[in-house]
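Visitor: I would like to learn how to read a protein model with some care. Could you take me through one, feature by feature?

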Amino acid sequence: MSQNSRRSFLKKGLFGLAALPFGMGALTGQAFAQALPPLSEDAPQAKALSYKKVAADAAGHPKYAAGQNCDNCMFWRPANNGCALFPQNSVEAKGWCQSWVKKPG
């Protein structure tokens, strides 16, 4: 391999390595924004946490307070209506579960 082609190869390789984090950031953002299947109230984990698609339907639950919704909970993931407690599914923005915790801020 000649001196020039080796230098060219190294430059291209270093440029590719430098650009890698930017490409990974774009791919990661797309992966997290993927659509998730909606969570059913009948799913075992949903039942265990008393998940309701409409928060007002949880009015009889001792932990429920008016104004608590998935979209103002710290576990809410707005990019895909996801929830850290139900990572394989999306939840309703105006839903509720007994693990609701006020979003900081």
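Visitor: Before anything else, what pLDDT does the protein average, and what percentage of the residues score at least 70?

Guide: The model is predicted, so local features need a pLDDT of at least 70 and side-chain atom pairs count only at pLDDT 80 or more, whereas totals for chains, interfaces and linings use all residues. Residues are numbered from 1 along each chain as its sequence is written, and side-chain values use heavy atoms, with hydrogens and water left out. The pLDDT is the predictor's confidence in each residue, from 0 to 100; here the protein averages 85, and 73% of the residues score at least 70.

Visitor: Which elements have the lowest and the highest mean pLDDT?

Guide: As a general idea, where pLDDT is low, the predicted coordinates should not be read in detail. In this protein, helix H1 (residues 3–32) has the lowest mean, 59, and H2 has the highest, 97. Over residues 26–30 the pLDDT is below 50, and this stretch has 0 contacts in the model beyond near neighbours in sequence, where a contact means heavy atoms within 4.5 Å.

Visitor: How many helices and strands are there, and in what order do the strands form the sheet?

Guide: Helices (H or I, at least four residues) and strands (E, at least two) are DSSP runs, numbered from the N terminus. The protein has 2 helices and 3 strands, and its elements run α-α-β-β-β from the N terminus on. In general, strands of a sheet pair through backbone hydrogen bonds, either parallel or antiparallel, and two strands count as paired if DSSP finds at least two bridges between them. Here the 3 strands form an open sheet in the order E1-E2-E3, with antiparallel pairing; its edge strands, each pairing on one side only, are E1 (76–77) and E3 (86–90).

Visitor: Which residues stand opposite each other in these strand pairs?

Guide: E1 and E2 (residues 82–83) pair over 2 bridges, and Arg 77 stands opposite Gly 82 in E2. Another 2 bridges join E2 to E3, with Cys 83 opposite Phe 86 in E3, and a hairpin joins E2 to E3 through 2 residues.

Visitor: Is Ser 90, in strand E3, buried or exposed?

Guide: Buried means under 20% relative accessible area, exposed over 50%, and partly exposed in between (1.4 Å probe, protein chains only). Ser 90 has 12% relative accessibility and therefore counts as buried. Its side chain reaches the backbone oxygen of Leu 36 at 3.4 Å, and, leaving aside neighbours within four places in sequence, the contacts of Ser 90 include Pro 37, Asn 80 and Gly 82.

Visitor: Which residues make up the largest nonpolar core?

Guide: A nonpolar core is a set of buried Ala, Val, Leu, Ile, Met, Phe, Trp, Tyr and Cys residues joined through side-chain atoms within 4.5 Å. The largest one has 12 residues: Leu 39, Ala 46, Leu 49, Tyr 51, Cys 70, Cys 73, Phe 75, Trp 76, Cys 83, Phe 86, Val 91 and Cys 97. Ala 46 has its place in helix H2 and counts as buried because its relative accessibility is 0%. Not counting residues up to four places away in sequence, Ala 46 touches Leu 39, Ser 40, Glu 41, Tyr 51 and Phe 86.

Visitor: How many aromatic pairs does a search of the whole structure find?

Guide: Rings of Phe, Tyr and Trp (its six-membered ring) pair if their centres lie within 6.5 Å; planes under 30 degrees apart count as stacked, over 60 as edge-to-face and the rest as tilted. The search finds 2 such pairs. In one of them, Tyr 64 and Trp 96 meet edge-to-face, 5.4 Å centre to centre with 90° between the planes. Tyr 64 lies in the loop between helix H2 (44–48) and E1, and Trp 96 in the segment after E3, so the pair ties together parts that are 32 residues apart in sequence. Both Tyr 64 and Trp 96 are buried.

Visitor: Where is Lys 103 found, and which residues is it in contact with?

Guide: Lys 103 is found in the segment after E3 and counts as partly exposed because its relative accessibility is 36%. Leaving aside neighbours within four places in sequence, Lys 103 is in contact with Asp 71, Asn 72, Cys 73, Met 74 and Trp 76.

Key: Polar contact = N/O pair within 3.5 Å; in protein donor to acceptor, adjacent residues only side chain to side chain.
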